[in-house]
Amino acid sequence: MRANESTPDRSADGWTAIVLAAGRGTRMRSRTPKVLHPVAGRPMLHLVLDALAAAGFDRRVVVAANADNGVAGAASPHATVAVQDAPLGTGHAVLAARDAAGDAERVLIVNGDLPLLKADTLAALAEAHCAERAALSFLTVEVDDPTGYGRVVRDAGGERVAGIVEESDTDEQTRAIGEVNAGVYTAEAAWLWGTLAALPPAPNGEVYLTDAVRSAVDSGCRVHAQRLGDETEAQQVNTRAELAAADTAMRDRIRASLMANGVTLVGPETIYVDAGVEVGEDTTLLPGTHLMGDTVVGRECEIGPNAVLRDMRVGDRCTIGGSTLEGSTVADGVDIGAYCRVRPGSVIEADVHLGTYAEVKASRIGARTQIGHFSYTGDADVGEDVNIGAGAITANYDGTSKHRTEIGDGAFIGSDTMMIAPVRVGAGARTAAGAVVTHDVPDGAQVIGAPARIREAEGESNELRQREEP
Ligand code: UD1
Ligand code: CA
């Protein structure tokens with residue numbers, strides 16, 4: 001959550017940003033606070049905070065319903081948390097941020113359920129607010145279906161804003177208005193605190209931030225309404241259906257941006273990429289691919305069809321067929337799958353080949369090592385240029401604890417070898433097909449049998465013939 005080097009620090013100009021996130025979110029029918037529901041894999045609250053940071057709002061306050069719900073926890077690394085002790089409306093919520101906003105000269109206020117807002121839009125509103133010398137500014141947007149939004153009422157000439165009318169207070173005439181309040185505001189702080197404190201509550205007992213518009217107009221203060229060009233940016237999330245709509249819009253935006261940055265998407269509508277994922281130029285994503293969480297994929301890779309990568313670091317020129325990879329690092333030139341599973345904590349070094357049904361967990365696989373067929377490698381440190389045959393397994397769990405297996409550089413693990421951890425197979429060592437390795441194998445040694453013992457006589461070589469192709 002860091003601003004781009006080139007973005008100005010707006011706190012130097014007296015700005016503090018306030019994110020409203022203390023509502024009950026009853027329309028979601030969820031035990032999870034609304035703003036923590038993810039859109040394109042990232043909690044809405046974090047998407048809003050990302051946009052604020054990218055727009056240069058370095059001082060951020062999040063209004064949460066209490067100090068120890070998930071919202072406060074999710075906000076606290078990135079913002080100051082203010083508590084609104086009762087959900088008495090958006091105007092009341094802004095007042096709850098007053099102490100945390102301290103000596104802010106002006107504030108930018110964002111509803112926490114606007115995951116599609118762009119940093120440029122926030123920056124432009126802040127700049128227009130100052131240029132217009134307004135007491136209060138806000139974003140408006142023309143929508144096809146204004147249901148659920150506050151309607152923007154203008155004077156007869158259509159020039160000046162007269163106020164915002166909430167859905168529940170609309171009459172037939174105002175209900176038909178297509179210009180709505182997007183839920184993003186800027187205001188001179190001293191004026192705002194005084195105005196909000198004096199606002200009478202609405203009939204439902206809530207203090208509406210939107211009523212500050214009429215107060216400003218009535219007292220002759222300048223109000224600036226800034227029109228938003230792109231309706232999708234104003235997509236709010238009150239319901240699960242709106243959550244799905246926001247997710248769809250965000251993923252479309254992400255796909256378009258990947259393509260603009262030189263990534264080929266085959267069947268883009270079948271490809272799901274989370275917010276924040278990075279993909280290098282000339283990489284191709286094939287149908288059914290999911291890139292999730294904190295994932296970075298390098299250049300010239302081919303991913304999919306039907307690959308699932310979560311929290312992965314993938315280098316350049318990798319080929320990853322329909323496999324599931326999580327929480328691991330894959331270096332350049334690696335070839336994986338189809339049907340592999342790489343579980344968290346693994347490091348796959350350059351030019352490794354993982355074939356069909358290879359499972360790897362919390363292991364290092366050294367450069368150029370080949371695990372061509374079904375096998376399990378868990379809690380292992382596998383050296384470079386190792387060949388692991390079909391069906392080979394690290395038996396890492398004794399029923400109580402996990403143990404490590406070490407395989408030295410250039411070792412050859414025959415098909416169906418069981419390595420009973422903790423155990424080490426030395427560099428250049430060979431295990432015969434079906435060997436059950438219960439003791440360390442010295443470098444360069446050959447072992448056979450169950451339990452495996454070192455082969456010494458030359459004449460036994462036929463029995464030892466490995467059935468695995470290198
Ligand atoms: C609000 C606006 C409406 C606008 C719409 C845009 C008001 C009164 N109405 O309506 O004009 O068109 O957003 O999306 O502001 N919150 C608190 N404390 C509260 C109540 C709400 O922190 O006591 C927070 C919520 O968590 C949410 C945000 O404020 O993130 C907006 O609240 P919400 O209930 O979604 O307002 P809307 O009814 O959508
Ligand atoms: Ca809302």
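# Ligand 1 and its surroundings

Guide: An oxygen atom of ligand 1 lies 2.8 Å from an N or O atom in the side chain of Thr90. The model is predicted, so local features need pLDDT of at least 70 and side-chain atom pairs count only at pLDDT 80 or more, while totals for chains, interfaces and linings use all residues. Residues are numbered from 1 along each chain as its sequence is written, chains are lettered from A and ligands numbered from 1 in the order in which they are written, and side-chain values use heavy atoms, with hydrogens and water left out.

Visitor: What makes the pair between Thr90 and ligand 1 a polar contact?

Guide: The term covers a pair of N or O atoms within 3.5 Å; within protein, one must be able to donate a hydrogen and the other to accept it, and residues adjacent in sequence count only if both atoms are side-chain atoms. At 2.8 Å, the Thr90 pair meets the distance limit. A polar backbone atom of Ala22 is also 2.8 Å from an oxygen atom of ligand 1, and a polar side-chain atom of Glu166 is 2.7 Å from one. As for cover, the protein hides 91% of the 750 Å² of accessible area that ligand 1 has on its own (Shrake-Rupley method, 1.4 Å probe; for residues, only the protein chains shown count as cover).

Visitor: Which elements give two or more residues to the shell around ligand 1?

Guide: These are helix H3 (90-96) and strand S10 (179-188). Such elements are DSSP runs numbered from the N terminus, with H or I and at least four residues for a helix, and E and at least two for a strand. The shell has 24 residues, and Ala22, Gln84, Glu166, Asn181 and Gln236 come nearest; a residue is near if one of its heavy atoms lies within 4 Å.

Visitor: How many residues of each class does the shell around ligand 1 have?

Guide: The shell has 9 nonpolar, 11 polar and 4 charged residues. Ala, Val, Leu, Ile, Met, Phe, Trp, Tyr, Cys and Pro count as nonpolar, Asp, Glu, Lys and Arg as charged, and the others, Gly among them, as polar.

Visitor: Why is Thr186 called buried?

Guide: Buried means under 20% relative accessible area, exposed over 50%, and partly exposed in between (1.4 Å probe, protein chains only). Thr186 has 0%, so it is buried. Thr186 is found in strand S10, and its side chain makes a polar contact of 3.0 Å with that of His129.

Visitor: What makes helix H1 mostly covered?

Guide: In H1 (residues 44-54), 9 of the 11 residues are buried. They are Met44, Leu45, His46, Leu47, Val48, Leu49, Ala51, Leu52 and Ala53. H1 is followed by Gly56, which has a positive phi near 90 degrees.

Visitor: Why are Asp282 and Tyr339 called exposed?

Guide: Asp282 has a relative accessible area of 54%, which puts it over the limit, so it is exposed. Tyr339 reaches 52%, and therefore counts as exposed too. Asp282 is in the loop between strand S14 (278-279) and strand S15 (284-285), and Tyr339 is in the loop between strand S24 (335-336) and strand S25 (341-343).

Visitor: What is the phi of Asp282, which is not a glycine?

Guide: The phi of Asp282 is positive, about 65 degrees. Tyr339, also not a glycine, has a positive phi of about 65 degrees. Most residues other than glycine have a negative phi, and most peptide bonds are trans.

Visitor: How do you know that the peptide bond joining Gly304 and Pro305 is cis?

Guide: Its omega is about -5 degrees. Pro305 is in the loop between strand S18 (302-303) and strand S19 (308-310). The bond from Ala450 to Pro451 is cis as well, with omega near -10 degrees; Pro451 is in the loop between strand S41 (446-448) and strand S42 (453-454).

Visitor: Why does Thr329 count as partly exposed?

Guide: Its relative accessibility is 36%, which lies between the two limits, so Thr329 is partly exposed. Thr329 lies in strand S23 (residues 329-330). By C-alpha atoms, Thr329 and Val81 are 35 Å apart in space and 248 residues apart in sequence.

Visitor: Is Ala380 buried or exposed?

Guide: Ala380 has a relative accessible area of 0%, so it is buried. Ala380 is in strand S32 (residues 380-382). From Ala380 to Glu406 the C-alpha separation is 5.6 Å, with their places 26 residues apart in sequence.
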